[in-house]
Amino acid sequence: MLIFTCPYCGIAAEETELTPGGEAHLKRYGPGSSDDDFEEYLFLRPNAKGVHFERWRHSHGCGKWFLAARDTATLEVFGTYSAQTTEPPAEIVTAIRAKRPDWSPA
Amino acid sequence: MRRYSAFAIAREAARFHSGWDRAWRSPTPRSAYDAIIVGAGGHGLATAYYLGKNHGLTNVAVIEKGWLGGGNTGRNTTIIRSNYLQDPSAAIYEKARSLYETLSQDLNYNIMFSPRGVMMLAQTQHEVRGYQRTAHANALQGVTTEFVGPKRVKELCPIINIDGPRYPVLGGLWQARAGTARHDAVAWGYARACSDMGMDIIQQCEVTGITREGGKVTGVETTKGAIGCKKLGVVVAGHSGVVANMAGFRLPIESVALQALVSEPIKPVMDIVVMANTVHGYMSQSDKGEMVIGGGADGYNNYTQRGSFQHVEETVRALIETFPMLSRLKMLRWWGGIVDMTGDRSPIISKTPVENMFINCGWGTGGFKAIPGSGWAMAELMATGGSPLAQEFSLGRFREGRFIDESVAAGVAH
Amino acid sequence: MSSRLPQGGRLIDRSTRMAFTFNGTPMTGFRGDTLASALLANGQRLMGRSFKYHRPRGVVTSGAEEPNALVNLGRGDRLEPNQRATTTPLFDGLTARSQNHWPSLEYDIGEVNVALSRFLPAGFYYKTFIHPRVAWKHVFEPFIRQSAGLGKAPKKPDPDRYEHFYAHVDVVIAGAGMAGLQAALVAGRAGLNVLLCEQEGHAGGRLPVDGGMADADGWIEGTVAALAAMPNVTMRLNTQVSGVYDHGYVLAYERIADDAPGSDAPRHRLWRIRARHVIAATGALERPLSFAGNDKPGVMLASALRDYIVNYGVSAGDRTVIVTNNDDAYRTALAIKAAGLDVPCIVDARPEVTGDLPARARAAGIEVKTGMGIAEVRGRKGVTGVRLCRQAGSGVPVEEVACDAVAMSGGWSPVVHLWSHCGGKLTWDDAGAFFRPDHARPPTNQDGAGFVTCLGAADGALVTQDALSNADAMARQVVGALGVKPAAADLPETDSVAEAPLMPVWVMPHGAGPKKRAKMWLDFQNDVKVSDVQLAAQEGFESVEHTKRYTTLGMATDQGKLSNINGLAILAEARGAAIPDVGTTTFRPPYTPISMGAIAGEARGEIFQPLRRTPIHDWHAGRGAYWEPVGYWRRPYCFPQEDESHADAVAREIDATRNGVGLLDASTLGKIIVKGPDAGRFMDMLYTNMMSSLKPGRCRYGLMCNENGFLMDDGVVARLNDDTFLVHTTTGGADHVHAHMEDWLQCEWWDWQVFTANVTEAWAQIAVVGPKARTVLEKLGTGIDLSAEGLPFMAWAEGRIGGFDARVFRISFSGELSFEVAVPASQGLAFWEALMEAGGEFGITPYGTEALHVMRAEKGFIMIGDETDGTVIPQDLGLDWAISKKKDDYLGKRAHERSHMTDPERWKLVGLETVDGSVLPDGSYAIAEGENANGQRNTQGRVTSTYYSPTLGKGIAMGLVLNGPDRMGEVLTFNTTEVPERGGPPKTIEAQIVSPVFYDPEGEKQNV
């Protein structure tokens, strides 16, 4: 029963208030992109056992999507942040490194 | 290997069972094998078994990081059915179901296949149409199913409330020759048979790397040293992504937790398996008397084998609506398994970008019922380079948009 | 014989008698008794039968870990199986029956299994019942199923109710024994919000029974009073912390009215708690000893025996032999003596016994036999004596002692379940021979910090003084970690006795041979013996999980609380490994079984799921609507009149609509506002067709695909003004489509200026359909020009109709002249009734979803969910016209470029008409020649929608067919599942490929 702090409304949101949205920071490939890129975008996932960047929507709260860095093996949450980013912000990376010194972004 | 029988038990009883051998040997790995299977769950062991039985390949090792059968094989709700909609699914699940019918005799190990019948309830008009479609598809696929009315549902399972206020039962898709089996016994029976063919089952041995030369697999590195192989089959369910990463490719897979529950044992009240997909719950009664219940999957990546409580709650609600007598029973235990979900929720049995390396994964919430068919197809693919049963389950289908989507029928795959 | 003692029993009220029955025999007990203590008081020691061998069994414990004394409680619709007699409070009128026997508890045919037990070792069923194949299903399995199982289930629905409570606290404490009370004091005084849960009906735990504090009852009472005075502390009795979930989520199970069947109160309550920290003051459980015959009625845990004496004034027997490997069991000897009964001897496996407690026992005149063990328990349905032997030897009896009860103690194990539920690790404690929490590896929360603390006996501190200090210190740590400074220490004085170390004894006697080992029970309920675990190890089931599954050790209803450590020790010995290297099985919630009713809570019957109602819902119900669930909505499928079949009702509704006027409650259709400077651009991405070019005042039908290219929803879009669109979705798709929009807006095109709002429930929407539609609306009086010119097809207008604020959309899903009128939800019912009244003279008829479906099929309109199923793309449905070629991009466009999507062999939409006019079966497939590589019959199409058209008087259908649109007029063969009466293969039906538009292909009816 996960709990995340929604970066928009500041509420410590229960899992039942939230909708999971899969991996974060996917780059969209539209018409004209290669088969490789499109397959990668839609289907291929690192499925990391460990640090994972993912999307959540505070659907039964403020309705906003946000992103989270979470360990899929321990369920530790390193931080939540705006969905309007293309990569994890520096403070999130720092927070992860503080807890997982061996981790490096894929 | 000494054959199991009532006579063997009687003979052993006289000497307090001191004469039973190990069910499988526990050898140290040799330096190389013709084929290595990574993962000694049901699918991996079945692959090894059919490599030996169907293709004469017995210089085989099955490597397992924990204990054989300790993953999803021993954590599921043991339902076996083949009433799938799409042709490729129906083919492999029906193959599996038919192999299950004689598996106890084939393995000389009682896996307790119990063809007690599976009923999938239709509780909306949409579900009625969906299951009628499945019944028509099954008729052409050689899968014997039948769409039945609510009266027949009640006859087959008197504890069902067919007149619920929200989702009265409108009918059901009935597969009489579907059922359940004893999950652990499937792994143990295959393991014993593989060991008997001279294969090495190496437990407590984790694969840490995959060695390749010129795009071809040459072996694996493990916590018990390097082991060479000509062919490599990876059959590790939820951990497929981790192993694929070692070989430098990615999979269309995400690992999530799926939960199951059992009640305290009671005297028999239910002879069949019932699945209620609209309200989302499914249940059967084990030979021990426990009500065995399948819950929902979490929607987020998870490797902990622990799920969230609300799925237990939702499932129990659904089942009390369907079986009101359940309310006063007590829930004994619930647990989670890590299931590997693909983009279309259908499995992958495929060659990989690495030559001579094969992968079998993505069974999601429905793997147990497929074990013999999956092993059969994977063995054929590994031994001969192609298998009609595996053909449509290739990795390439995602790129082509050639999905095998079972959720299109009213049901969901379990 | 067990009996009630003349005095004593701190929990019972001897002035209040309670009448109850057991297996139909009337008995009495006192208020405060448990069913188990009352049965013992009535001399009823035999309480049940074991699972596999049907051995006669008595109660072994006094608590939740009881494996034997399980009863069917209550009767009729309040029958409950497998209720533990040890945790069932006695009440007046209680009825209980013992389980798992036939014909009676005393004489059970199943007991023949005892004689056969040598042929039924662990896992025997895997090795036999293999031949003949059919025998498993028809002979063996039915037999096993009948003899397995325990209690009987009720046959009727449960009349009781259940509820959920929610709590957010700083600390939840499981257990109000001494340690839990002390922890609650520390946390409460520090000002933290505390919820203290105790599974029993009274606080204090074992303290008053085991001693160690001069005025234990006084301290407990004072502490409970002090806690009650703290507004920040809540204490609940009869409430067990059942499970700990990730991130501090905790479940507790409160039993409220188990002892008052038929009362108003909810029977059980499930607490759903979020806690910053969980304190497990869950104590420890005593372990049995493994000696031959340790399962016979009269053999009990030493602690349970003294619980019955001290708490309930009940003795288990007149002459009790104590068998132990530790000092604690001597307390039982002293309690028995103090009650005026005999302890012929204490059998202590330890070679030397010198502690304080043994000294007291000896001083009380009890003989202590050191270095001894029990070779065999005499008696069949109850203990009549024990044969003693040297613990060191093979079990040759050296003497026989007559007795009618045996109190055994193999040491204690901390209750670490709550620590382990979320992955806390354990460490082996050599001195105590138990697993205790490994403080270095706690279960971790969202911050990666430990969030569960075991304290007192649960942390392995078994002696009163140690447990108290441990509880105090650990509670202080917890308080500190939560950022509060604890108050000054305030610990009560103890007078605990020092205890000498125990000697681990896993088999008694140590050198027991196979015959004896086959009579030493580990798991009492499941009949798993020492010999079974050894056999498992011998056969290679070396992992603890393998052994558990092969032998069923620890899988009974006590979930191994009694048996696990003993079993692990046997497995370790058999493997030649150390116990910690064997490890434990995983602890899973719940701690003890909890009722399904409590898990479900209030959500049952009508409100088992949320029910969404349109403003007109009750009107439909009043007219006897036959409902169709769609999402959480219920829509009228049809409105059958008296004695009318559903099919007849649908035909009547269609006929009335096509020839006069019909009304459809379309309020469930999704309505989403899309507004902002970039709304047009966004709409062009959402829909496959061009939406930005739509003019205000006009409507356009559109298709929505997901990024994977599959058709996901459809509907009519109205442009309200330059920067505002109103999107209509399907009923089931509204929430999903809105979420889909927000996903793209927030996560991909976040710089686009667009807002969305799901206003589905703000409007009631009513479709007024049929040749008389305009007349009815005009009769109501309206300022809107509803004429063909004033409001042409696919236009909309705003204004007042019959005094209602309305938006009128001139759109049609039936092919008739049709106005969909939206009014504010609050006016919906009034507007509906006004329409019904105005339309009365034209035979206005409400119609349901089935008439809607048939009419749309007659017109060849697709239905999401029928023609589409998540694998269908718009191109399959002949909807290429709705796919813009001009747009560079829309969601799904790239996906449509993939090879399988552009495959000319994809099945395409056509109409189908049977040659004989009959109705094609739902979901039928068009058969093609030959079989595929897997032996499956080839197919070339399938039916997607099929109906009897009352308008056309024949069956009509739509389907997807290989090259269908190019094969007009061709006749295909469709399969059915109908087998001819005389047998043979199922029938087939011939159907011709036709245009999917069966009715009014020119659109003359709707464009008037």
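This passage looks at two helices of chain B and at the contacts that chain B makes with chains A and C. The model is predicted, and every value below is computed from it.

A good place to begin is helix α2 of chain B, which covers residues 42-55. This helix has 14 residues and reaches 19 Å from its first C-alpha to its last, close to the 20 Å expected at 1.5 Å a residue. Of the 14 residues in α2(B), 11 are buried, so the helix is largely enclosed by the rest of the structure. The buried residues are B:G42, B:H43, B:G44, B:L45, B:A46, B:T47, B:A48, B:Y49, B:Y50, B:L51 and B:G52. Following α2(B) comes B:G56, which has a positive phi, near 65 degrees.

Helix α3 of chain B, made up of residues 87-101, can be checked in the same spirit. At 1.5 Å a residue, its 15 residues should span 21 Å, and the C-alpha atoms at its ends are indeed 21 Å apart, so expectation and model agree. This helix is mostly covered, with 12 of its 15 residues buried. Among them are B:P88, B:S89, B:I92, B:Y93, B:R97 and B:Y100.

One residue of α3(B) deserves a closer look, namely B:E94. Is B:E94 buried or exposed? Its relative accessible area is 15%, and the cut-off for buried is under 20%, so B:E94 counts as buried. The side chain of B:E94 makes a polar contact with the side chain of B:S82, at 2.6 Å. Leaving aside residues up to four places away in sequence, B:E94 touches B:S82, B:G142, B:V143 and B:Q175.

Attention now turns to the neighbours of chain B, starting with chain A. Here 27 residues of chain B are in contact with 24 residues of chain A. The size of an interface is often given as the accessible area lost when the parts come together. For chains B and A, about 2200 Å² is buried between them, with 51% of it on carbon and sulfur atoms. Three salt bridges link the two chains, including one between the side chains of A:D36 and B:R399, with N to O at 2.1 Å. There are also 14 residue pairs in polar contact, counting pairs with both residues at pLDDT 80 or more. On the chain B side, α8, β12, β15, α9 and α11 each supply at least two residues. Strand β15(B) gives the most, with four residues. By class, this side of chain B divides into 10 nonpolar, 11 polar and six charged residues.

The second interface joins chain C to chain B. In this case 126 residues of chain C are in contact with 112 residues of chain B. Together the two chains bury about 10400 Å², 55% of it on carbon and sulfur atoms. Within chain C, the residues that lose the most area to chain B are C:R145, C:R588 and C:M596, which together account for 9% of what that side buries. How many salt bridges are there between chain C and chain B? The count is 13, and one of them pairs C:E80 with B:K330, whose closest N and O atoms are 3.2 Å apart. Polar contacts number 68 residue pairs, again with both residues at pLDDT 80 or more. Helix α4 of chain C, residues 133-147, provides the largest share of the side of chain C that touches chain B, with eight residues. That side comprises 51 nonpolar, 41 polar and 34 charged residues.

Methods
Residues are numbered from 1 along each chain as its sequence is written. Chains are lettered from A and ligands numbered from 1 in the order in which they are written. This is a predicted model: local features need pLDDT of at least 70, side-chain atom pairs count only at pLDDT 80 or more; totals for chains, interfaces and linings use all residues. Side-chain values use heavy atoms; hydrogens and water are left out. The expected span of a helix is 1.5 Å times one less than its number of residues. Buried means under 20% relative accessible area, exposed over 50%, partly exposed in between (1.4 Å probe, protein chains only). Contact means heavy atoms within 4.5 Å. Buried area is the accessible area (1.4 Å probe) that two parts lose on being put together, summed over both. A salt bridge is a side-chain nitrogen of Lys or Arg within 4 Å of a carboxyl oxygen of Asp or Glu. A polar contact is a pair of N or O atoms within 3.5 Å; within protein, one must be able to donate a hydrogen and the other to accept it, and residues adjacent in sequence count only if both atoms are side-chain atoms. Ala, Val, Leu, Ile, Met, Phe, Trp, Tyr, Cys and Pro count as nonpolar, Asp, Glu, Lys and Arg as charged, and the others, Gly among them, as polar.
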